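Please open the model in a viewer with residue selection enabled. The stops below follow one another as a sequence of selections.

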Amino acid sequence: MQEMQAAVEAYDEAAARVLGVNRTDLRCLELLMRQGALTPGRIGPALGLTTGSVTAMLDRLERLGYATRSPDPGDRRKVLVTITDTAREKAWRLYGPFATEGDALMREYGDADLEVLAGFLRRSRELYERQLKRTLEEHAGK
């Protein structure tokens, strides 16, 4: 597991360099790709950022042509952040091969195997989430 995590971390670091962003910016782009348009107020907590940090990050992403801010049609007082087609295309060039090769890899496993793997991954994620919560609670205010 640690070797796989290290490989993912190394690839994400390389992808961030190729895109000309830092790792937090990369996480923001991934969040926008996964969830669609979001308000800065939702992005900040999801990435553990302050309001000022979100503003600075969005300024960087806009300058690079990776994100746009526009009024929320449902509430003109709010702003929606969306990922641009440019960012989607660049991300697909970097991460698309994982989808293609991953699909081929998954075909090597039967349904029962995939259920076990999915369960393991879900439970591993839950373990990390519990330990993150514990660590943050134990070290709050330090």
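**Stop one: the bend in helix 5**

Select helix 5, residues 85-106, which bends by about 50 degrees at Leu94, with a proline, Pro97, following within four residues. The bend at a residue is the angle between two fitted axes, one for the seven residues ending there and one for the seven starting there. Helices (H or I, at least four residues) and strands (E, at least two) are DSSP runs, numbered from the N terminus.

This is a predicted model, in which local features need pLDDT of at least 70 and side-chain atom pairs count only at pLDDT 80 or more, whereas totals for chains, interfaces and linings use all residues. Residues are numbered from 1 along each chain as its sequence is written, and side-chain values use heavy atoms, with hydrogens and water left out.

Next, colour Ala87, Ala91, Leu94 and Gly96, the buried residues of helix 5. Buried means under 20% relative accessible area, exposed over 50%, and partly exposed in between (1.4 Å probe, protein chains only). These buried residues pack against helix 1, helix 2 (23-35) and strand 2 (75-83).

**Stop two: Asp12 and its surroundings**

Move to helix 1, residues 2-19, and select Asp12 there. Which side chain of opposite charge is nearest to Asp12? It is Arg23, 4.0 Å away; Asp12 is buried yet has no salt bridge. For charge, Lys and Arg count as positive and Asp and Glu as negative, while His and the chain ends are not counted. A salt bridge is a side-chain nitrogen of Lys or Arg within 4 Å of a carboxyl oxygen of Asp or Glu.

Display the contacts of Asp12 (heavy atoms within 4.5 Å). Leaving aside neighbours within four places in sequence, they are Arg23, Leu26 and Tyr95. Keep Arg23 selected and add Glu9 and Glu13: a network of salt bridges links Glu9, Glu13 and Arg23.

**Stop three: salt bridges elsewhere**

The structure holds 11 salt bridges. Select Arg69 and Asp59, whose side chains meet in one of them at 2.4 Å, N to O. Arg69 lies in strand 1 (residues 67-72) and Asp59 in helix 4 (residues 51-63), so the pair ties together parts that are 10 residues apart in sequence. Adding Glu62 shows another salt bridge of Arg69, at 2.6 Å, N to O. Arg69 is partly exposed at 28% relative accessibility, as are Asp59 at 31% and Glu62 at 32%.

Then go to helix 6, residues 111-138, where Arg122 and Glu126 are 4 residues apart, a separation of about one helical turn. Their side chains meet in a salt bridge at 3.9 Å, N to O. Arg122 is partly exposed at 41%, and Glu126 is partly exposed at 29%.

**Stop four: Leu31**

Select Leu31 in helix 2. Is Leu31 buried or exposed? At 6% relative accessibility, Leu31 counts as buried. Beyond its neighbours within four places in sequence, Leu31 is in contact with Gly36, Leu38, Ile43, Ala46 and Leu47. For a distance check, pick the C-alpha atoms of Leu31 and Ala14: these residues are 17 apart in sequence and 18 Å apart in space.

**Last stop: Met1**

Finish at Met1, in the segment before helix 1. With 49% relative accessibility, Met1 counts as partly exposed.
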